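Work through the exercises below with the sequence and the structure open. Try each task before reading its solution.

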Amino acid sequence: MERIKRPLDDVISNENNNKKRKLFVTTDIFADLEPVTSFRSCFESLTNELIYKIFDYLDVNDIYFGFFYLNNRFQNLYLNSDIGYQLNLSNISKRDFQSYHHDVLKPNHDQIKILHLSNPFTIDLIFCPSHLIINFIQIEKLILDNISSKYLLNILKYLIHLPQLYSLNLSIIDYIDNLSPIFLHIFCLTKLKSCQLTYQVEEDLLNDFTQLEQSSIEYLIINSHFRYESLQEFLLCLPKLRHLSMNSLIGSDHPSKIEFAPIELKDLKSVSLELYSIHFHQLKNLITNCFKHIEKLSVTTFNDSTYLSGKQWQQIISSSLPNLRIFDLQNNYNSMWNKFVYAWLSTDFRSSFWKDKQWFFQHCYNGELKSNNGIFFSTNPYRRKDYQFYWNGDHNRTNSNMNQDDYKSVHNLFLHDAPNGNEPVSYFPNVKEITIYHCDSILTSLDRILPLHQVNKLVIDSKKFRVNEILNLIEVTPNLKTFQLFYYSFDESRLKLIEENLSETYFDKMNVLIESNNLLKDYSIKLIDDDLYLWW
């Protein structure tokens with residue numbers, strides 16, 4: 001069905017239409033007004049400045065679909081403001097995209113400043129052929145999610161013609177054999193200040209960065225595997241770097257003999273690293289030669305007790321990190337030996353050195369007898385987006401250095417072990433994604449530590465989680481968009497029961513959509529690697 005457009009005149013229809021009336025009701029200041037005519041005259045008498053302030057409280061897409069077709073005045077207000085050129089089309093339907101593309105994108109491509117696309121279909125429609133991206137001459141921030149590597153390489157060739165582009169966020173949907181061409185194109189962007197990359201590669205992939213030019217990038221986030229052996233060549237090309245984050249810096253099981261030569265990164269103030277198979281002396285080498293000016297250091301490790309020597313950390317901080325203000329350490333383990341070693345070595349972090357700097361730490365572990373999972377981590381005054389939550393250790397936090405404000409930044413919560421019967425101390429008001437490990441009946445307790453209605457992603461990796469509990473949890477998370485269940489956690493009979501129950505709620509709704517005339521007449525389908533994408 002085509003969108004029903006109102007006449008683009010400056011007079012709003014006098015029909016007594018409830019839907020039109022609701023469109024304007026944003027506060028109760030108009031509650032005592034007469035029907036539409038009085039309401040219309042009052043709302044339209046507002047100045048442009050006041051209407052723009054109202055727009056500030058609304059989503060960009062809601063402004064377009066709510067106001068663009070009202071009349072010429074609102075259409076001009078939209079097109080003559082910066083709001084109209086900060087486009088987030090990440091969740092747009094196919095029908096809505098067609099009108100958006102016709103009314104805003106095509107006639108105003110040279111005015112758009114921010115563009116966020118997150119499905120392969122919209123990327124293809126806007127940037128096909130790839131050279132069309134050079135028409136977006138004013139674009140400053142570009143976010144492309146779920147883009148194929150081949151298509152991305154074609155687009156990257158033309159980004160050099162966008163003189164205002166300072167921020168680039170790319171999420172690549174398929175596996176990459178060679179990272180070098182991607183970084184080669186990105187490092188040629190002379191105005192680029194911020195770059196975030198998410199990609200998939202094999203852990204043992206080594207890359208040759210000797211051909212890279214020096215980059216203007218100041219803020220770099222890599223949410224994927226990156227080899228320790230490739231890091232020195234890479235950092236040499238980033239002389240203006242201020243913030244570096246890598247969520248999977250990988251070494252090998254055998255310590256590398258690579259010794260980093262000194263690299264002067266005088267502007268680098270913040271470093272965040274998740275380390276895999278990188279020994280402590282390798283990190284020490286990296287800190288001593290490359291990170292001596294930093295003010296914030298965040299390190300996450302897995303099953304490596306060498307990072308639990310408070311005396312070694314004290315020596316490095318005192319000798320090589322004179323400007324360090326924030327030290328964020330997080331060590332995860334899942335073996336009996338490490339459980340014992342962590343409990344023993346963690347006492348090194350209670351000396352006067354750590355107390356004087358107000359750096360405090362806590363050790364939490366799964367309380368079940370057969371479980372060896374645990375974590376040793378920094379507490380106050382850090383703000384993490386990800387948080388490992390242990391029910392067993394929660395009731396002890398009343399004596400820790402954490403407070404409720406420390407939990408407001410948490411968006412991804414990882415839950416371990418089972419509730420212990422104590423009233424939860426911690427509350428996470430802004431959590432959007434939860435992952436459940438080795439838990440059973442937690443639904444009633446879960447509601448006490450986070451608002452379930454705002455959860456949009458649920459991952460379950462627990463053999464103990466009952467089928468009815470899963471279904472009940474899905475039922476009380478109305479905004480759930482992504483549900484992931486690790487199949488190895490369940491036998492075939494339990495999986496079949498889950499599928500049958502889910503089909504009654506989600507799959508049946510999909511069947512209705514597929515059978516509807518609208519979807520049959522107007523849908524797109526695409527297969528990328530093993531993933532099937534449907535857009536309507």
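## Exercise 1: A serine in a loop

Leaving aside its neighbours within four places in sequence, Ser215 is in contact with Phe187, Cys237, Leu238 and Pro239. The model is a predicted one. Task: place Ser215 in the chain, and decide whether Ser215 is buried or exposed.

Solution.
- Step 1. Find the element. Ser215 lies in the loop between β5 (194–200) and β6 (219–222).
- Step 2. Check accessibility. The relative accessibility of Ser215 is 4%, and the cut-off for buried is under 20%, so Ser215 counts as buried.
- Step 3. Look along the chain. Leu189 is 26 residues away from Ser215, yet their C-alpha atoms are separated by 7.4 Å.
- Step 4. Look for a polar partner. The Ser215 side chain reaches the backbone nitrogen of Ile217 at 3.1 Å.

## Exercise 2: From β8 to β10

Task: trace the pairing from β8 through β9 to β10, and state which hand the β-α-β unit has.

Solution.
- Step 1. Start with β8 (residues 243–250). Six bridges join β8 to β9 (residues 270–276), and the two run parallel. Leu249 stands opposite Leu275 in β9.
- Step 2. Move on to β10 (residues 296–302). Five bridges join β9 to β10, again in parallel. Glu274 has Thr300 in β10 as its bridge partner.
- Step 3. Add the helix. β9, α11 (residues 280–290) and β10 make a β-α-β unit that is right-handed.
- Step 4. Inspect one residue of β8. Ser248 sits in this strand. Its relative accessible area is 6%, so Ser248 is buried. Ser248 touches Ser224, His225, Phe226, Glu274 and Tyr276, with residues up to four places away in sequence not counted.
- Step 5. Inspect one residue of β10. Thr300 belongs to this strand. At 10% relative accessibility, Thr300 is buried too. Not counting residues up to four places away in sequence, Thr300 touches Leu273, Glu274, Leu275, Gln330 and Asn332.
- Step 6. Compare the contact lists. Glu274 is among the residues touched by Ser248, and Glu274 is also among those touched by Thr300.

## Exercise 3: Two helices side by side

Task: classify the packing of α11 against α12 (residues 310–320).

Solution.
- Step 1. Recall what is needed. Two packed helices are described by the angle between their axes and the distance between the axes.
- Step 2. Read off both values. The angle between α11 and α12 is about 10°, and the axes are 11 Å apart.
- Step 3. Apply the cut-off. Angles under 35 degrees count as roughly parallel, so α11 and α12 are roughly parallel to each other.
- Step 4. List the residues that meet. Phe280, Leu283, Lys284, Ile287 and Thr288 come from α11. They meet Gln312, Trp313, Gln315, Ile316 and Ser320 of α12.

## Exercise 4: The sheet around β17

Task: give the strand order of the open sheet that holds β17, and say which strands stand at the edges.

Solution.
- Step 1. Write the order. The five strands run β14-β15-β16-β17-β18, with parallel pairing.
- Step 2. Find the edges. β14 (386–390) and β18 each have a single partner strand, so one side of each has no neighbour in the sheet.
- Step 3. Note the twist. It averages 15° from one strand to the next.
- Step 4. Pair β17 with β16 (residues 433–437). Five bridges join the two. Ile434 stands opposite Leu458 in β17.
- Step 5. Pair β17 with β18 (residues 482–485). Here there are four bridges in the parallel sense. Ile460 stands opposite Leu485, and Val459 has Gln484 as its bridge partner.
- Step 6. Check burial. Four of the five residues of β17 (residues 457–461) are buried, so this strand is largely enclosed by the rest of the structure.

## Exercise 5: A helix start and the whole chain

Task: name the buried residues of α5 (residues 72–79), then give the totals for the protein.

Solution.
- Step 1. List the burial in α5. Phe74, Gln75, Leu77, Tyr78 and Leu79 are its buried residues.
- Step 2. Look at the helix start. There, a side-chain oxygen of Asn71 comes within 3.1 Å of the backbone nitrogen of Arg73.
- Step 3. Count the elements. The protein has 19 helices and 20 strands.
- Step 4. Add burial. Of the 536 residues, 48% are buried.
- Step 5. Add contact range. Among contacts with a separation of 6 or more, 69% join residues 24 or more positions apart.

Definitions and conventions:
Residues are numbered from 1 along each chain as its sequence is written. This is a predicted model: local features need pLDDT of at least 70, side-chain atom pairs count only at pLDDT 80 or more; totals for chains, interfaces and linings use all residues. Side-chain values use heavy atoms; hydrogens and water are left out. Buried means under 20% relative accessible area, exposed over 50%, partly exposed in between (1.4 Å probe, protein chains only). Two strands pair if DSSP finds at least two bridges between them. Contact means heavy atoms within 4.5 Å. A polar contact is a pair of N or O atoms within 3.5 Å; within protein, one must be able to donate a hydrogen and the other to accept it, and residues adjacent in sequence count only if both atoms are side-chain atoms. A crossover is right-handed if, with the strands pointing away from the viewer, the path from the first strand over the helix to the second runs clockwise. Axes are lines fitted to C-alpha atoms, for helices over the stretch in contact, and angles run from 0 to 180 degrees between N-to-C directions. Angles under 35 degrees count as roughly parallel, over 145 as roughly antiparallel, 65 to 115 as roughly perpendicular and the rest as oblique.
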